[in-house]
Amino acid sequence: MELRGIAALVTGGGSGLGAATAEALAAAGAKVVVLDLKAEAAEAVAARIGGAAAAGDVADPAAVEAALDRAAALGPLRLAVSCAGIAPPARVVGRDGPHDLALFERVIRVNLIGTFNVLRLAAARMQATEPDGPDGERGLIVNTASIAAYEGQFGQCAYAASKAGVVGLALPAARELARSGIRVMTIAPGLMETPMLAGLPDPAREALVKLPLFPRRLGAGEDFARLVLAIAGNPMLNGETIRLDAALRLPPQ
């Protein structure tokens with residue numbers, strides 16, 4: 001996929017993986033709309049990369065449609081990257097009783113329903129674009145799961161279930177959208193340097209850094225962004241989930 005001149009939507013683009021991806025896409029010549037729940041964060045990233053900002057909940061159809069409208073005004077929409085997500089910890093049965101059901105529903109709403117909401121609405125827009133390149137590609141959707149989808153830890157039932165759902169979206173969505181020339185891929189990051197981990201005390205961070213095999217460090221947003229660019233550049237990548245984890249396999253806790 002030729003990125004120069006296309007329009008791209010990046011959700012969760014106000015920080016972490018999304019911000020790094022928005023920066024990389026803009027550097028490659030794409031016109032990027034940064035969608036984030038925090039308007040100020042989206043605006044700051046958009047200003048830095050020369051893109052456009054949109055604020056809203058990824059599970060809200062109206063908010064996503066408004067962001068896609070902004071993207072369509074910049075060029076042909078050919079790329080949507082979903083990075084928005086939350087990971088509040090809670091055990092199935094904790095000291096205060098069973099897992100709060102409303103919290104479980106909230107995690108599913110943001111991580112899974114929000115991802116599918118962006119996928120369905122972006123795909124509808126991409127279907128209306130002209131095919132491009134020798135393969136007649138119209139677009140690419142990249143979703144973000146987690147290795148917790150495979151090795152969820154204590155306190156991660158909601159998060160792991162939501163990300164397993166994102167993994168499960170890739171193949172059936174790719175099969176359905178193939179006739180329109182739209183690819184669907186998923187990235188499952190391991191331990192990444194994101195705001196989700198920023199609040200951990202130093203001893204906890206030091207323990208986490210020892211888990212990846214090589215390189216022995218937390219993943220960076222730039223690592224994720226490079227993989228998004230690689231997926232965009234290789235049309236044979238479709239319907240699959242790629243682990244980005246330095247050979248890490250999560251322990252139970």
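# Strands, helices and labels in a predicted model

Mentor: Start with one pair: I141 has V184 in β8 as its bridge partner. Keep in mind that this model is predicted.

Trainee: What makes β7 and β8 a pair of strands?

Mentor: Count the bridges. Six of them join β7, residues 139-144, to β8, residues 182-189. A pair needs at least two bridges, so β7 and β8 qualify. The two strands run parallel. L140 also stands opposite a β8 residue, R183.

Trainee: Which strands make up the whole sheet, and in what order?

Mentor: There are seven, in the order β3-β2-β1-β4-β7-β8-β9. The sheet is open, and its pairing is parallel.

Trainee: Why are β3 and β9 called edge strands?

Mentor: Each of them pairs on one side only. β3 covers 52-55 and β9 covers 241-244. On average, neighbouring strands of the sheet are turned by 20 degrees against each other, direction ignored.

Trainee: How do you know that β8 and β9 are paired?

Mentor: They share four bridges, in the parallel sense. At least two are required, so the pair stands. P189, for instance, has L244 in β9 as its bridge partner.

Trainee: And what holds for β1 and β2?

Mentor: Five bridges, again parallel. One of the partnerships is L9 with V33 in β2.

Trainee: What makes β1 "mostly covered"?

Mentor: Five of its five residues are buried. Now look at the faces. Side chains of a regular strand alternate between the two faces of the sheet. In β1, A7, L9 and T11 lie on one side, with A8 and V10 on the other, and all are buried. Both faces are therefore covered, since buried stands for under 20% relative accessible area.

Trainee: How many residues of β8 are buried?

Mentor: Eight of its eight. One side holds I182, V184, T186 and A188; the other holds R183, M185, I187 and P189.

Trainee: Which helix lies across β1, β4, β7 and β8?

Mentor: That is α4, residues 101-127. Its direction is at about 175 degrees to β4. Angles are taken between N-to-C directions and stop at 180 degrees, so α4 and β4 point nearly opposite ways.

Trainee: What makes α3 and α4 a packed pair?

Mentor: Their axes are 10 Å apart, at an angle of about 40 degrees. The crossing is right-handed. On the α3 side the contact includes P61, V64 and L68; on the α4 side it includes V118, L121 and A122. By class, seven residues in the contact are nonpolar, one is polar and four are charged.

Trainee: Why is S162 called buried?

Mentor: Its relative accessible area is 0%, and the limit is under 20%, so S162 is buried. S162 sits in α6, residues 157-177. Beyond its close sequence neighbours, up to four places away, S162 touches V107, I108, N111 and L112.

Trainee: Why are A246 and A247 called partly exposed instead?

Mentor: Check each value. A246 has 23% and A247 has 42%. The label covers values between 20% and 50%, so both earn it.

Trainee: What else stands out in their backbone?

Mentor: Phi is positive, though neither residue is a glycine. The value is about 55 degrees for A246 and near 65 degrees for A247. A246 lies in the segment after β9, and A247 is found there too.

Trainee: What makes the bond from F214 to P215 special?

Mentor: That peptide bond is cis, with omega near -5 degrees. P215 lies in the loop between α8 and α9.

Trainee: How many residues are in the largest nonpolar core?

Mentor: It has 30. Those with the most contacts inside it include L25, V81 and F224. Elements giving two or more residues to this core include β1, α1, β8 and α9. Apart from it lies another core, of 26 residues, among them A52 and A71.

Trainee: How do you know that Q153 and P251 come together?

Mentor: They are 98 residues apart in sequence, yet their C-alpha atoms are 6.9 Å apart in space. Contact needs heavy atoms within 4.5 Å, and Q153 touches P251, so the two are in contact. Q153 is in the loop between α5 and α6.

Methods
Residues are numbered from 1 along each chain as its sequence is written. This is a predicted model: local features need pLDDT of at least 70, side-chain atom pairs count only at pLDDT 80 or more; totals for chains, interfaces and linings use all residues. Side-chain values use heavy atoms; hydrogens and water are left out. Axes are lines fitted to C-alpha atoms, for helices over the stretch in contact, and angles run from 0 to 180 degrees between N-to-C directions. A crossing is left-handed if the near helix is turned anticlockwise from the far one by less than a right angle, and right-handed if clockwise. Ala, Val, Leu, Ile, Met, Phe, Trp, Tyr, Cys and Pro count as nonpolar, Asp, Glu, Lys and Arg as charged, and the others, Gly among them, as polar. Buried means under 20% relative accessible area, exposed over 50%, partly exposed in between (1.4 Å probe, protein chains only). A nonpolar core is a set of buried Ala, Val, Leu, Ile, Met, Phe, Trp, Tyr and Cys residues joined through side-chain atoms within 4.5 Å.
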